[in-house]
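Visitor: Hi, could you walk me through this one? I'm new to reading structures.
Guide: Happy to, let's take a look together.

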Amino acid sequence: MQPLYKTCYPLDQRCYEEYNLTEDILMEHASMGMATYIREEFKEGSSVLIVSGVGNNGADGIVLARQLQGAYDVKLHLPFGVRSVMAEVQLERVQVLDIVFVDAVCEADVIVDAIFGAGLSRELDKRTRNLIVQLEALKGFKIACDVPTGIDVDGNPLPMALFCDVTITMGALKECLYSDMAKDYVGEIICIDLGVSHEKYIDGFSTNLFLLEESDITLPIRTKENLHKGNFGHLAVIGGEKEGASILSGISALRFGAGLVTMVGEFKNSIPIELMEDINLPYNTTAIALGMGFSEFENDIIEDILDRKTALILDAGVFSNEIILEFLEQKDREIVLTPHPKEFVNLWNMTIDTPLNIAVLQANRFDKVREFSSLFPHVTLLLKGANMIIAQKGRFFVNPHGSSKLSKGGSGDVLSGLIGSLLAQGYNGVDATIQASLALTAGAKAYDGNSYAMLPTDLIEEIGKLK
């Protein structure tokens, strides 16, 4: 788990004031991190085009040109000249070397984008947009210096950005790199140190936003042998009109370790033999899953669920029904909400006075999750998307490991089952949600078929094989 920061400027400033490091030293290390990556991934003599902007991000690119010169065929392009003090200093240093300056972009094995970095707050002008179009046409491997040009502080393209294969970011990981809107632009994200260790760089700067790593997964492995099904809880999955959705949740819950799973309702079709069936909530239920495949809700079952203190996972149809308001009032039970963006907008507009639409949500996912969570801190929220955001009691987590394989009906039902399974086994809401989300993305990654081909049942099978 890694901390994420809205901005790293205060961390840089502390390096100057407390560690006696200079801007020059930090810049040297930033560029050395990029140079090390290029040396490891591309053989000597490869061509490298570095496109540098007017400020300190551009200065990083100029330093990189100096560090690679001699071992690589380096060309430096300064489309708008230089403006910052450090960019001018670095330009003076390279001008006494035999670095080749070019007046236009040209094809190269490696293309380094050092035009604009973190903190962009204004829309790109026409010249910069044209430059991005030219860079996009090149076939070379594209590396972003700190942040791809065009991505703003909230992770949105202004109004466009450069698609990069790798983003090498400096000092600490930045929130903007993990927005849904930025996901296709950033490529692989690598964080490098700036003259002090990562631990020293972030020391004293707390954050409540964390990046989940694949290594954070802890599967519900059974380590003892003298056990029985009752040791692993009993999940009740309430069946909706679209029976397949709730059945997928039930199967995934059983696959993920729940001792018992009961499908509650009157099912028109046969359910899998490994799942139990009842028209009422079982007395020994330890968690309940509601909403998958629903459009209408029967009062009797809702009243029964409301009367319980059992852990609860709510999904799908619940977010279009005002019954959600009654559940949100229950502060003495574990409640997990798993809306996708449209469902979150429905939920928001039922609970918060300020209207919200999907476009505004997607451009401000972190801010909107923070605002909702501040009003309902007792609830664990998972906002689905390319990068899932999890929130509870002022803590926020990002799972960036999702892929297009999951963009298929039923994936969310599988996730609900995984969360419900862990709730039934005694996990608290936030731990159940974090671990279930990691299992979901790990299962998708393990699937070796084509990206378009994975079925929810394939996903469940892969999750069962995780180690």
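Visitor: Let's start with V398: buried or exposed?
Guide: V398 is buried, because its relative accessibility is 0%. Buried means under 20% relative accessible area, exposed means over 50%, and partly exposed is in between (1.4 Å probe, protein chains only).

Visitor: Which strand does V398 lie in?
Guide: V398 belongs to strand β19, residues 395–399. Strands (E, at least two residues) and helices (H or I, at least four) are DSSP runs, numbered from the N terminus.

Visitor: Anything I should know about the model itself?
Guide: This is a predicted model, where local features need pLDDT of at least 70 and side-chain atom pairs count only at pLDDT 80 or more, while totals for chains, interfaces and linings use all residues. Residues are numbered from 1 along each chain as its sequence is written, and side-chain values use heavy atoms, with hydrogens and water left out.

Visitor: Thanks! Now, how many salt bridges does the structure hold?
Guide: There are 14 salt bridges. A salt bridge here is a side-chain nitrogen of Lys or Arg within 4 Å of a carboxyl oxygen of Asp or Glu.

Visitor: Which residue forms a salt bridge with K6, with the closest N and O atoms 2.6 Å apart?
Guide: That is D154. K6 sits in the loop between β1 (2–5) and α1 (9–17), and D154 in the loop between β6 (141–145) and β7 (166–170), so the pair ties together parts 148 residues apart in sequence.

Visitor: And what about E175 and K6, how far apart are their closest N and O atoms?
Guide: They are 3.3 Å apart, in a salt bridge. E175 is buried at 3% relative accessible area, whereas K6 is partly exposed at 35%.

Visitor: Which residues are linked in a network of salt bridges?
Guide: K6, D154, E175, D367 and R370 are linked that way.

Visitor: What about R66 and E28, where do they lie?
Guide: Their side chains meet in a salt bridge, 3.0 Å from N to O. R66 is in helix α3 (residues 56–68) and E28 in helix α2 (residues 23–41), so this pair connects parts 38 residues apart in sequence.

Visitor: Changing topic: how many disulfides does the structure hold?
Guide: Zero. A disulfide is a pair of cysteine sulfur atoms within 2.5 Å.

Visitor: Why is C15 not in a bond?
Guide: Its closest cysteine sulfur, in C8, is 10.0 Å away, which is too far for a bond. C191 is in no disulfide either, with the sulfur of C8 the nearest at 7.5 Å.
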